[in-house]
Amino acid sequence: MTFPTMESELKDLNSKPPQSKPAAAEIIHEEASTNDNLPLLKSDSTTPISSESIQELEKKYAAYVRSDVYGTMGRGELPIKEKVLLGLSLVTLVPIRVAAALTILILYYLICRICTLFSAPNREEDQEDYAHMGGWRRAVIVRCGRALSRALLFVLGFYWISETYRNSNTDDKSGTEEEVKNKTKEPEKPGVIVSNHVSHLDILYHMSSSFPSFVAKRSVAKLPLVGLISKCLGCVYVQRESKSSDFKGVSGVVTERIRDAHQNKSAPIMMLFPEGTTTNGDFLLPFKTGAFLAKTPVLPVILRYPYQRFSPAWDSISGVRHVIFLLCQFVNHIEVTRLPVYYPSQQERDDPKFYANNVRRLMASEGNLILSDIGLAEKRIYHAALNGLF
């Protein structure tokens, strides 16, 4: 039930386009190619960068460096023991998991299809969804979606999920008198969940815990099986390649959705990954402001994937290799830290960038994550460099 390019995050409309940097590669789409022989980013043969060592690259682009047994890009030399385990898993574990995962996906698609029969989807701003459908239909979609998402995680080896809930300090009297009063009032429903982005598996976890709405590529809505499921989630679709005013329209839809979720208890909560792309799980990239433009409280969630052999992080590895190695690993782990709802001050409401930076620093501190100043542009350069070296 994972969606391609769900790392797609609402762009900061107020930020200027990044300054052009020395081109090390021809930048193409962010998502991994379905053909494992094609690089994520094409290397520029006219300007080879082999003079820069892998060690120097890893130091510069540390947020995207893999450190598991499979090595850089999942192409490292494996020990004999690992090769044997990999071979056994390919012929035994992988077929079972693929069959079970397809069964769960088809089952949920059928549930969504039945629940949406004779029901017209909501349409606004070139969007289409069933998220605001009420009654027993919505209840079945949400409950089954959460249960089957957890079942799918179980199939993928996440047998246990460690969840830690951090309580807010009610004795904290710091801040202005108005802010202290706000903290003592009845808790408000957050309009959006913000989370660090490590893997496509993040989507499954959040579906199993909160069943929120995501931002996804518009093409996701047309995919078999997954398309209908994304509409039931209430995904906001965006055309990443568009250079028109499309992003402004999507920004408005997302902001309205966040405010609606904050004010209406029955409305689905939004889920955004402010980093805009995935990391290796040890770092936290700069936040886009899309989740903070609505000026509503946010719920910060920190995800970590402890590992011994294969890291579930989708950083510098192709999509095909990532899926295969994940399916071959018998046990996977996920640790979740759910922070208290973050209520913005008046200064934060007036300055979304300030609001985003404060939440980012809090998440880094609570999750023992390293703050990094690089972003998606540097990730593309790093991938291109690796493809030029391998």
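This report describes a sheet, a buried helix, the cysteines and the salt bridges of one structure. The model is predicted.

**The sheet**

Five strands make up an open sheet, and their order across it is β5-β12-β11-β6-β9. The pairing in this sheet is mixed. At its edges lie β5, covering residues 161–165, and β9, covering residues 270–272, and each of these strands pairs on one side only. From one strand to the next, the twist averages 20°.

One pairing within the sheet can be followed in more detail. Strand β11 spans residues 298–304 and strand β12 spans residues 334–338; the two run in the antiparallel sense and pair over four bridges. Within this pairing, Leu303 has Val336 of β12 as its bridge partner.

**Helix α7**

Helix α7 comprises residues 226–233, and eight of its eight residues are buried, so the helix is largely enclosed by the rest of the structure. The buried residues are Val226, Gly227, Leu228, Ile229, Ser230, Lys231, Cys232 and Leu233. The cover over them comes from several elements, which include the helices α3 (93–115), α4 (135–155) and α6 (201–209). The strands β4 (127–129) and β8 (236–238) also contribute to this cover. After α7 comes Gly234, which has a positive phi near 85°.

**Cysteines**

A disulfide is a covalent bond between the sulfur atoms of two cysteines. In this model the count of disulfides comes to zero. Cys235, for example, takes part in no disulfide: the nearest cysteine sulfur belongs to Cys232 and lies 9.9 Å away. Because a disulfide requires two cysteine sulfur atoms within 2.5 Å, that distance does not qualify. Cys235 has a relative accessibility of 0% and therefore counts as buried. Cys328 is likewise buried, at a relative accessible area of 1%.

**Salt bridges**

Across the whole structure, a search finds nine salt bridges. The table lists three of them, with the distance between the closest N and O atoms.

| Salt bridge | Closest N and O atoms |
|---|---|
| Arg66 with Asp68 | 2.6 Å |
| Arg66 with Asp315 | 2.8 Å |
| Glu82 with Arg309 | 2.6 Å |

The bridge between Arg66 and Asp315 links distant parts of the chain, with the two positions 249 residues apart in numbering. Arg66 belongs to the loop between α1 (54–60) and α2 (80–91), whereas Asp315 belongs to the loop between β11 and α9 (319–328). The partners of Arg66 thus include both Asp68 and Asp315. Arg66 counts as buried at 5% relative accessibility, and Asp68 counts as buried at 8%. Asp315 is buried as well, with a relative accessible area of 2%.

The bridge between Glu82 and Arg309 also spans the sequence. Glu82 lies in helix α2 and Arg309 in the loop between β11 and α9, so this pair ties together parts that are 227 residues apart in sequence. Glu82 has a relative accessibility of 5% and counts as buried.

Which residues are joined into one network by salt bridges that share partners? They are Arg66, Asp68 and Asp315.

Note on methods
Residues numbered from 1 in each chain as written. Predicted model: local features only at pLDDT ≥ 70, side-chain atom pairs only at ≥ 80, totals over all residues. Heavy atoms only, no water. Pairing = 2+ DSSP bridges. Axes fitted to C-alpha atoms, helices over the stretch in contact; angles between N-to-C directions. Buried < 20%, exposed > 50% of the residue type's maximum accessible area, 1.4 Å probe, protein only. Contact = heavy atoms within 4.5 Å. Salt bridge = Lys/Arg side-chain N within 4 Å of Asp/Glu carboxyl O.
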